[in-house]
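These notes are meant for a colleague who is opening this entry without having seen it before. Please keep the sequence and the model side by side while reading the numbered points.

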Amino acid sequence: MSSSPDVLSSNYSASNSVNPDELARRIAELGDWFHNLDLCGVHTAPDHFLGDFPNVKWKDIAKEIPDDLTGASVLDIGCNGGFYSIQMKQRGAKRVLGVDVDDRYLNQARFAADTLKLDIEFQKLSVYAIDEVEGQFDYVLFMGLFYHLRYPVLALDKVIKKVKHRLVFQTMIRGSENPFHAEPDYKFWEKKIFLQPDFPAMYFIEKSYSNDYTNWWIPNRAAVEGVLRSSGLQLFSHPEAETWICTPHHVLNKGRYILDRELDGTL
Ligand SMILES: C[S@@+](CC[C@H](N)C(=O)[O-])C[C@H]1O[C@@H](n2cnc3c(N)ncnc32)[C@H](O)[C@@H]1O
């Protein structure tokens with residue numbers, strides 16, 4: 001475990017015998033859960049509006065992740081209650097680090113890992129500060145966060161610098177779910193193309209969507225795929241409608257990360 005002061009220690013210790021009533025009481029004490037975890041038979045969010053979430057997504061994504069992750073390192077950005085961190089650790093990953101900005105979710109994730117007796121690090125950290133985490137990780141999970149950011153592509157390009165092997169990327173999508181094959185160039189007066197529903201688009205939410213004012217930019221499928229490719233990633237698989245598994249391909253431009261060249265105006 002990291003000794004950084006930002007790594008909050010758990011308020012909870014794993015219990016040897018699990019009393020379901022006591023477990024349910026402690027789960028309730030930790031506030032509303034977004035992740036429906038199965039903690040020794042007690043569920044943390046059984047009435048989730050998206051069903052058994054995120055199991056409903058994981059059942060398809062899981063097939064694209066090796067069953068045996070022995071020795072692998074995993075960084076889970078926007079880890080929430082720790083569902084994906086737990087899945088990766090249960091597949092044998094050596095080091096799993098989950099980061100999030102919300103103490104409620106971090107405390108839930110710590111409690112879940114303690115209850116399941118899994119050694120997972122959880123740290124309070126924003127995706128925008130991800131470069132404070134040293135080194136690269138075999139698997140980086142950037143799921144359910146892109147559309148919550150005012151600066152989504154900046155965050156993505158920061159995240160990419162942390163990826164050694166695979167990026168698991170998930171975002172809400174709206175609009176067309178068709179892929180789009182862009183021409184190498186368009187004339188200045190080509191305006192009709194922008195009216196095609198399949199053309200890459202990010203929908204900006206000025207006020208609120210789904211009762212959440214942090215839903216800022218919601219891409220259609222073509223925009224997701226275009227942004228991922230233009231950030232230098234190769235799209236490796238698309239296990240379900242909102243998830244892409246990518247591998248670093250042309251993430252360097254003249255020997256430097258795209259982000260660094262863009263920020264100093266030399267891209
Ligand atoms: C919709 S949830 C997705 C949780 C999980 N990754 C999943 O896919 O189920 C978004 C999560 O991102 C976290 N978050 C929001 N802004 C963040 C930021 N700037 N850096 C890191 N995490 C952030 C929220 O606290 C929340 O836990």
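**Notes on the strands, helices and loops**

1. A good place to begin is the pairing of two strands: S73 has R95, in β4, as its bridge partner. The strands concerned are β3 and β4, which run parallel and are joined by five bridges. Strand β4 is largely enclosed by the rest of the structure, because five of its six residues are buried.

2. Before going further, it should be said that this is a predicted model, and that its confidence is not uniform along the chain. The mean pLDDT of the chain is 93, with 94% of the residues reaching 70 or more. Over residues 1–15, however, pLDDT stays under 50, and for this stretch the model has 24 contacts beyond four places in sequence. Where pLDDT is low, the predicted coordinates should not be read in detail.

3. As for the chain overall, seven helices and 13 strands are found in it. The radius of gyration is 19 Å, which agrees with the value near 18 Å that a compact globule of 267 residues would have. Taken along the principal axes, the box filled by the C-alpha atoms is roughly 70 × 40 × 35 Å. Buried residues make up 33% of the 267 in the chain. Of the contacts between residues at least 6 apart in sequence, 61% join residues at least 24 apart.

4. The pairing described in the opening point can be followed further, since β3 is also joined to β6 by four bridges, and these two strands run parallel. Within this pairing, V74 stands opposite Y139 of β6. Strand β6 is itself mostly covered, with six of its seven residues buried.

5. From β6 the pairing passes to β7, again in the parallel sense, over six bridges, and here M143 has Q170 of β7 as its bridge partner. Strand β7 (residues 163–170) then pairs with β11 (residues 243–248) in the antiparallel sense over four bridges, where Q170 is matched with T243 of β11. Strand β11 also pairs with β10 (residues 233–240), in the antiparallel sense and over five bridges; in that pairing E240 stands opposite T243. A hairpin of two residues makes the connection from β10 to β11.

6. Which residues of helix α3 are buried? The helix, residues 83–90, is mostly covered, with seven of its eight residues buried, and these are F83, Y84, S85, I86, Q87, M88 and K89. Among the elements that cover them are α2 (55–61), β3 (73–77), β4 (95–100), α4 (103–115) and β6 (137–143). After the helix comes G92, which has a positive phi near 100 degrees.

7. Helix α1 (residues 20–29) makes a contrast, being hardly covered, with one buried residue among its 10. Just after α1, G31 takes a positive phi of about 90 degrees.

8. Some features of the backbone deserve a careful look, given that most residues other than glycine have a negative phi, and most peptide bonds are trans. F53 and P54 are joined by a cis peptide bond, with omega about 0 degrees, and P54 lies in the loop between β2 (42–43) and α2. K117, a residue other than glycine, has a positive phi near 55 degrees, and its place is in the loop between α4 and β5 (121–124). N211, likewise not a glycine, has a positive phi near 60 degrees and lies in the loop between β8 (202–204) and β9 (217–219).

9. Are K117 and N211 buried or exposed? K117 is exposed, because 9 other C-beta atoms lie within 10 Å, and the cut-off for an exposed residue is 12 or fewer. N211 is exposed as well, because its count within 10 Å is 6 other C-beta atoms.

10. The last point concerns the ligand, which has 17 residues around it, of which G78, N80, D102, M143 and G144 come nearest. The residues of this shell divide into nine nonpolar, six polar and two charged. M143 has thus appeared twice in these notes, once in the ligand shell and once as the bridge partner of Q170 in β7.

Technical notes:
Residues numbered from 1 in each chain as written. Predicted model: local features only at pLDDT ≥ 70, side-chain atom pairs only at ≥ 80, totals over all residues. Buried ≥ 20, exposed ≤ 12 C-beta atoms within 10 Å, placed from the backbone. Contact = placed C-beta atoms within 7 Å. pLDDT = per-residue confidence, 0-100. Rg over C-alpha atoms; globule rule 2.2 N^0.38 Å. Near = placed C-beta within 6 Å. Nonpolar A, V, L, I, M, F, W, Y, C, P; charged D, E, K, R; others polar. Pairing = 2+ DSSP bridges.
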